Amino acid sequence: MAFFSKFISRVAITALLFLCTTLSSQSVQATATDYDQLFRKAGDLQSSGDLNAALEILRQIPTPAKGEEGDDFVRSRMQMGRIHFSLDEQDKALIVTKEVLALYPDNSEAKNFLASINKQKRPAYMNFFKDAVSFLPSLMKGALMTLLLVLCTMLISPLGGLFIALGRISPFKPLSSVCWFIIWFFRGTPLLLQLFFIYYGLPSLGITMPPMTAAVIGLGINYSAYLGEIIRGAIQSIDHGQMEAAKAIGMTYRQAMRRVIIPQTYKRLMPPVGNEFIALIKDTALVSTIAMVELMRSADQLFNTYFNITALVLAALIYLLLTTIFTFIFEKIEYRAGIYEHR
Amino acid sequence: MNTDNQYLLSLKGITKHFKSLTAVNGVNLDVSSGEKLVIIGPSGSGKSTLLRAINFLEVIDDGHIIFEGKEAGYIRKNGRLHLDKPQVISALRSEIGMVFQHFHLFPHMTVLENVMEGPLTVQKKSREEALEIALAMLAKVGLIDKKGVYPATLSGGQKQRVAIARAIAMKPKLMLFDEPTSALDPELVGEVFETIRSLAVDGMTMIIVTHHMGFARELADRVMFMESGNFLAEGTPQEFFAEGMNNERIRTFLNRIL
Ligand SMILES: Nc1ncnc2c1ncn2[C@@H]1O[C@H](COP(=O)(O)OP(=O)(O)OP(=O)(O)O)[C@@H](O)[C@H]1O
Ligand SMILES: [Mg+2]
């Protein structure tokens with residue numbers, strides 16, 4: 001098999017080479033008078049404004065063979081360069097100029113032209129900034145939506161998670177089973193599928209809601225389930241003596257949880273919860289699939305309209321900025337939450 | 001159940017099983033108001049389980065706990081004991097203070113907040129009242145200058161004194177101490193005993209589990225020797241240490257720890 005494909009590619013390359021040589025030998029046979037005609041035609045097209053057609057005509061004037069006179073070649077390429085330059089296509093102007101310089105390194109016209117192109121040519125980062133400025137407004141709008149989603153979920157999910165955790169460790173079996181089921185279901189199915197179900201599935205049961213509501217509900221429940229398990233672990237990691245000491249001074253289970261146990265989980269919770277929230281910032285991108293115009297969707301729209309990678313790069317930078325800011329905030333909170341452990 | 005009022009606490013036939021193991025086996029005990037009782041005995045004999053049962057931290061399988069003349073903490077259904085409603089249990093516990101071997105201070109609260117917590121949360125006292133009580137209790141255990149710090153910065157002895165302050169802030173009628181000095185370096189034991197002694201002087205009723213015979217001898221009105229879930233011998237310290245030497249088991253125990 002490998003041998004066969006090698007053979008095929010050999011044949012293909014040989015055929016290509018053959019084609020190229022015949023084509024180039026044909027054009028070499030053109031005479032000087034033909035070129036004058038070509039120049040004239042190109043000039044007409046240029047003055048009528050059809051620059052691309054002019055470029056095509058000029059392109060037909062071939063590279064001179066060794067020892068052959070090349071004035072027409074140089075003239076055609078320099079004219080192409082000027083047309084490209086006028087079209088703001090500095091890269092292409094550069095290529096044709098370099099074609100000339102490759103054969104005639106001392107050609108002063110080409111050398112001067114090269115210098116003026118280089119002076120004119122905008123560096124890549126300038127292009128980036130130009131695009132960035134034009135993309136930023138709609139990206140920022142999207143980012144604001146993403147931030148809003150993140151903040152809503154950050155408010156909902158710790159509360160939901162706490163209830164799920166307390167339900168899980170409750171001695172009341174039905175409650176504990178329900179909470180187990182919630183965790184099992186929402187951790188065990190893709191968030192994307194849950195979002196689809198809420199936004200596209202529930203309407204068939206007569207429940208419709210705007211995308212934002214669907215997104216907040218989906219993210220809220222999903223993250224509550226994840227945080228529920230984390231919070232349960234943190235509660236159960238607190239020394240059993242704490243509960244006993246709280247009960248011994250007469251606290252009820254509820255008071256002991258609220259005053260003694262749960263406050264001690266904060267420090268332990270911050271690293272894993274911070275992790276979840278960083279994941280959340282990125283997971284919000286999934287709601288772009290249910291007609292929410294947030295950061296990912298905005299970037300995608302720009303990319304599809306202008307086919308410009310800058311939109312995606314900018315979106316990545318904004319996501320990074322968000323995750324960095326939240327990482328710092330979480331570290332600060334973790335330090336504060338554990339201050340009583342410092343000696 | 002017929003009860004008499006002369007004792008603060010009466011235990012009748014207290015029994016507690018852990019699966020096939022009987023940790024407490026039909027214990028009877030009467031404690032008068034103001035009495036200081038010391039329980040000694042080998043490891044695993046059920047001392048902690050008994051103390052925890054008195055504070056309803058262990059749910060007993062059989063027996064009666066009579067506190068201030070009233071049967072307390074359990075409802076009997078079909079011959080089986082069920083712990084009473086949480087509010088009833090909490091109310092009982094707030095009248096019985098307990099001090100643990102490992103202190104169990106609340107690490108996220110300052111010393112002052114630890115002591116204020118009971119009056120504030122359980123007794124629903126005002127902040128000012130709770131503060132006043134807490135400061136008085138901290139003064140009593142000699143740690144008023146530590147009121148603003150977190151437990152992590154305290155020595156073991158100081159932690160245990162704060163734990164005692166936290167317990168007595170509830171103005172309990174009975175104090176239970178489960179090996180209050182066992183987790184301490186020897187040089188820190190004295191300050192904790194000093195604190196307990198000062199409570200005794202105030203007339204607090206207390207049951208103390210300890211391995212320190214000197215302390216038992218000095219403080220106790222009565223010494224109980226526990227083994228295999230029940231009391232094997234009891235008496236005033238003088239009687240106990242004199243007659244205990246005639247009992248093979250007690251002699252072995254005392255010789256080992258003295
Ligand atoms: N929660 C429990 N589950 C199972 N067995 C237990 C439990 N608590 C105590 N026990 C067992 O009950 C018996 C009595 O334990 P307890 O802690 O009351 O003894 P102790 O007299 O306090 O001993 P020590 O001097 O070591 O503190 C021991 O055999 C112990 O292993
Ligand atoms: Mg014990």
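These legends go with a set of close-up views of a predicted model.

The model is predicted, so local features need pLDDT of at least 70 and side-chain atom pairs count only at pLDDT 80 or more, while totals for chains, interfaces and linings use all residues. Residues are numbered from 1 along each chain as its sequence is written, chains are lettered from A and ligands numbered from 1 in the order in which they are written, and side-chain values use heavy atoms, with hydrogens and water left out.

**View 1. An aromatic group on helix α8 of chain A.**
Here A:Trp180, A:Phe181, A:Trp184 and A:Phe185 make up a nonpolar patch on the surface, and together they offer about 470 Å² of accessible area. (Patches take residues with over 30% relative accessible area and no salt bridge, joining like charges within 9 Å and nonpolar side chains, meaning Val, Leu, Ile, Met, Phe, Trp and Tyr, within 5 Å; the areas are Shrake-Rupley values with a 1.4 Å probe, and for residues only the protein chains shown count as cover.) Add A:Phe186 to those four and you have one aromatic cluster. A:Phe181 belongs to helix α8, residues 173-188 (helices are DSSP runs of H or I with at least four residues, strands are runs of E with at least two, and both are numbered from the N terminus). With a relative accessible area of 46%, A:Phe181 is partly exposed (buried is under 20%, exposed is over 50%, and partly exposed is in between, with a 1.4 Å probe and protein chains only).

**View 2. Two ring pairs, one in each chain.**
A pair of aromatic rings is described by the distance of the centres and the angle of the planes. Rings of Phe, Tyr and Trp (its six-membered ring) pair if their centres lie within 6.5 Å; planes under 30 degrees apart are stacked, over 60 edge-to-face, and the rest tilted. Over all chains, that rule gives 18 aromatic pairs. One of them is A:Phe181 with A:Trp184, a tilted pair at 5.6 Å centre to centre and 45 degrees between the planes. Both residues lie in helix α8 of chain A, three residues apart, or about one turn of the helix. How are the rings of B:Phe240 and B:Phe241 arranged? Their centres are 5.3 Å apart and their planes are at 90 degrees, so this pair is edge-to-face. B:Phe240 is buried at 3% relative accessibility, and B:Phe241 is buried at 9%.

**View 3. Arginines over rings in chain B.**
The charged end of B:Arg217 sits over the ring of B:Phe241, 4.3 Å from its centre. Elsewhere in the chain, B:Arg166 lies over the face of B:Phe106, at 4.4 Å from the ring centre. (The rule asks for NZ of Lys or CZ of Arg within 6 Å of the ring centre and within 35 degrees of the ring normal.)

**View 4. Salt bridges in chain A.**
A salt bridge puts a side-chain nitrogen of Lys or Arg within 4 Å of a carboxyl oxygen of Asp or Glu, and the count comes to 19 over all chains. Among them, A:Arg168 meets A:Glu229 at 3.7 Å, N to O. A:Arg168 lies in helix α7 (residues 124-168) and A:Glu229 in helix α10 (residues 211-237), so the pair ties together parts that are 61 residues apart in sequence. A:Arg168 is partly exposed at 21%, whereas A:Glu229 is buried at 17%. A:Arg59, A:Arg77 and A:Glu99 are linked in a salt-bridge network.

**View 5. Salt bridges in chain B.**
B:Arg197 and B:Glu194 meet at 2.6 Å, N to O. They are three residues apart in helix α6 (residues 186-201), about one helical turn. Both count as partly exposed, B:Arg197 at 23% and B:Glu194 at 45%. In another bridge, the closest N and O atoms of B:Arg222 and B:Glu234 are 3.1 Å apart. B:Arg222 is in strand β11 (residues 222-227) and B:Glu234 in strand β12 (residues 230-235), so the bridge ties together parts twelve residues apart in sequence. B:Arg222 is buried at 16%, but B:Glu234 is partly exposed at 47%.

**View 6. Positive phi in two loops.**
A:Ala291 has a positive phi of about 65 degrees although it is not a glycine. A:Ala291 sits in the loop between α12 (253-283) and α13 (295-306) of chain A and is partly exposed at 36%. In chain B, the phi of B:Lys124 is positive too, near 55 degrees. B:Lys124 lies in the loop between α3 (111-122) and α4 (127-141) and is exposed at 59%.
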